[in-house]
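Work through the two exercises below with the structure at hand, and try each task before reading its solution.

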Amino acid sequence: MRRTCYISVSNAALCQRCPALLAYTVHRGEKDAWKVGINGSGYYYGTLFHRNIAQVFFEAASNPASPFHGKIARSVSGGNSAVESVIRGNIFIPFLEAHSEECTSGQIMAMSRGITVLSRAMSEFFAAIPSLMRSPEENMRTVFIPPEQKLKACYDCPEGRLIVAGKYDALLFNPDRGEARLFEFKGYTKSDVTVPLSQSLIYSWLVWKKTGVVPSVGIIYLDDEGREPVIFSAENVREMTASGLPGLFRAAYGVISLKNLPEIMRDENLCAKCPFSARCADDWRSLL
Ligand code: SF4
């Protein structure tokens, strides 16, 4: 009988790194398995920036009732320094006044860098939207999509149905060209690019299923080296999702349903950092 299984975007991306890590998470309750292969404090930098800067900005930009919606509207045609100044004055400084004692200097620096990079990346996107440049107040709601929306879509594997769900970091639309850009904020070093990329491709697939538009992807790094966002065009995203996601979803379905478990391809760099290295082959066989 075909069964329906559910998976979060983050767990599907974990399966991309290693199906056994997904199995440890969902079948053995190993809550830290997702951290294998992720360097340092990156996750916390990304989460801090997302919750306290980007989410607040996108909420205000997409909601005309917000007290600084008008300031954002006036800044979008002023280039990156105008956008950056609104974010710093209305979001970052109030955050620091309330929470700086709870943050490390590294976290504060990462947030500050993220504001500069995000402002520049968004301003480039805005510049290609003539309707927004002409009448920002009237067009903000079609450009800025409210953050934290849960997207859900199903993928029919030969063995059964997989329902994939998750909340993206930030999404912009260009209604004039029918384009979209998904932003993900990561504190990982750039050497970990496959970690945020696989997650972003799954969110892109969800955006495409919901809107019919394949977004381009901007990954914004908050670490020391990551001063420029890494942009993947919509065409790149289309090719990578078409070539990578069917196999990934089928593998994830196999792990969750415990039917047709995929082969584990050992990645020596990843396995060298993995606490399950000595026993994962036996544990995997026990699931078969
Ligand atoms: S040792 Fe390697 S193959 Fe085994 S669970 Fe860890 S990452 Fe996966």
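The exercises that follow treat the surroundings of the ligand and then a group of salt bridges.

The model is predicted, so local features need pLDDT of at least 70 and side-chain atom pairs count only at pLDDT 80 or more, while totals for chains, interfaces and linings use all residues. Residues are numbered from 1 along each chain as its sequence is written, and side-chain values use heavy atoms, with hydrogens and water left out.

**Exercise 1.** State which residues are around the ligand, and sort this shell by class.

*Solution.* Begin with the rule that a residue is near a molecule if one of its heavy atoms lies within 4 Å of it. The residues found around the ligand are C18, A20, L21, I264, R266, L270, C271, C274, S277 and C280. Helix 2 (19–28) and helix 11 (268–272) are the elements that give two or more residues to this shell. Sorted by class, the shell has eight nonpolar, one polar and one charged residues.

**Exercise 2.** Find the salt bridge that D283 forms with R28, and state whether D283 is buried or exposed.

*Solution.* A salt bridge is a side-chain nitrogen of Lys or Arg within 4 Å of a carboxyl oxygen of Asp or Glu. For D283 and R28, the closest N and O atoms are 3.7 Å apart. This pair links distant parts of the chain, since D283 is in helix 12 (residues 280–287) and R28 in helix 2, 255 residues apart. Next, compare the relative accessible areas, where buried means under 20%, exposed over 50% and partly exposed in between (1.4 Å probe, protein chains only). D283 is buried at 15%, whereas R28 is partly exposed at 38%. Finally, D283 also forms a salt bridge with R279, at 2.9 Å between the closest N and O atoms, and salt bridges that share partners join R28, E30, R279 and D283 into one network.

Conventions: Helices (H or I, at least four residues) and strands (E, at least two) are DSSP runs, numbered from the N terminus. Ala, Val, Leu, Ile, Met, Phe, Trp, Tyr, Cys and Pro count as nonpolar, Asp, Glu, Lys and Arg as charged, and the others, Gly among them, as polar.
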